[in-house]
Amino acid sequence: MNAKITAVILAAALGGCGFHLKGNLPQDTLPATQWRVSGAQLDADLQTALLRAKGSLHRDADAEIRVLDVAEKRDIYTITRGAKLNEYLYSLRVSAQAYRRGKAWGAPIQVDVRRSMSYRDETILGKEHEEALLWQEMRQDAAAQIVRRLAFLPKE
């Protein structure tokens, strides 16, 4: 009985403080309905994320999200006791800025996405494909995070 009461109190406390699970934005949370994207590497991912957030794309839109910088990095994450590579750490840093009518809108947006991938010499086949999929997933995650942050831009 105590566990049920504790669970109800915890759920009410989390709901009361504004906590919500990561997912799609509720409808009508983007400050503009029409956007244009100039994102080079993240162009398609940002367009997809905007459409999922109930935004629309138009080349003459007043609101624009522009990717300023994309930095990809792969580092050695862990090494075994035998001095063999065990894991890589992949890092993606994206800097973006929202613009409205040609002027900067809100603060610049910076997103960091990190993933680790195990590595063994015996399973080298297919690692290039796995790495490519990992980068693709990281770019999609970065684009989704940028779009979620657009909801917090100042309203006009």
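1. The crossing of helices α2 and α3 is right-handed in this predicted model. Here α2 covers residues 43–52 and α3 covers residues 127–150; their axes come within 8 Å and cross at roughly 50°. Angle and distance are the two quantities to quote here, since two packed helices are described by the angle between their axes and the distance between the axes. The two helices, α2 and α3, are therefore oblique to each other.

2. Which residues make the contact? On the α2 side there are D45, L46, A49 and L50, and on the α3 side R139, Q140, A143, A144, I146, V147 and L150. By character, the residues of this α2–α3 contact split into 8 nonpolar, 1 polar and 2 charged. When you look at the spacing along each helix, keep in mind that an α-helix has 3.6 residues a turn, so residues three or four places apart point the same way.

3. The length of α3 checks out. With 24 residues at 1.5 Å a residue, α3 should span 34 Å, and its end C-alpha atoms are 35 Å apart, which agrees.

4. What does α3 bury, and against what? Its buried residues are K127, E131, L134, W135, M138, D141, A142, A143, Q145, I146, V147 and L150. They pack against α2 and against four strands: β1 (34–38), β3 (63–79), β4 (85–100) and β5 (103–118). A143, I146, V147 and L150 are on this buried list, and they also take part in the contact with α2.

5. V111 is a good residue to click on from the strand side. V111 sits in strand β5 and is buried, with a relative accessible area of 0%. Setting aside neighbours within four places in sequence, V111 touches L92, R93, V94, A142, Q145, I146 and R149. Among these partners, A142, Q145 and I146 are buried residues of α3. As for S95, it lies 16 residues from V111 in sequence, with the two C-alpha atoms 6.5 Å apart in space.

6. Now the whole chain. There are 3 helices and 5 strands, and reading along the sequence gives the pattern α-β-α-β-β-β-β-α. Of the 156 residues, 33% count as buried.

7. How much of the contact count comes from residues 24 or more positions apart? Taking contacts in the chain with a separation of 6 or more, such pairs account for 65%. For one local view of the packing, go back to I146: this residue of α3 is buried, belongs to the contact with α2 and is in contact with V111.

Conventions: Residues numbered from 1 in each chain as written. Predicted model: local features only at pLDDT ≥ 70, side-chain atom pairs only at ≥ 80, totals over all residues. Heavy atoms only, no water. Axes fitted to C-alpha atoms, helices over the stretch in contact; angles between N-to-C directions. Parallel < 35°, antiparallel > 145°, perpendicular 65-115°, else oblique. Left-handed = near helix turned anticlockwise from the far one by under 90°. Contact = heavy atoms within 4.5 Å. Nonpolar A, V, L, I, M, F, W, Y, C, P; charged D, E, K, R; others polar. Expected span 1.5 Å × (residues − 1). Buried < 20%, exposed > 50% of the residue type's maximum accessible area, 1.4 Å probe, protein only.
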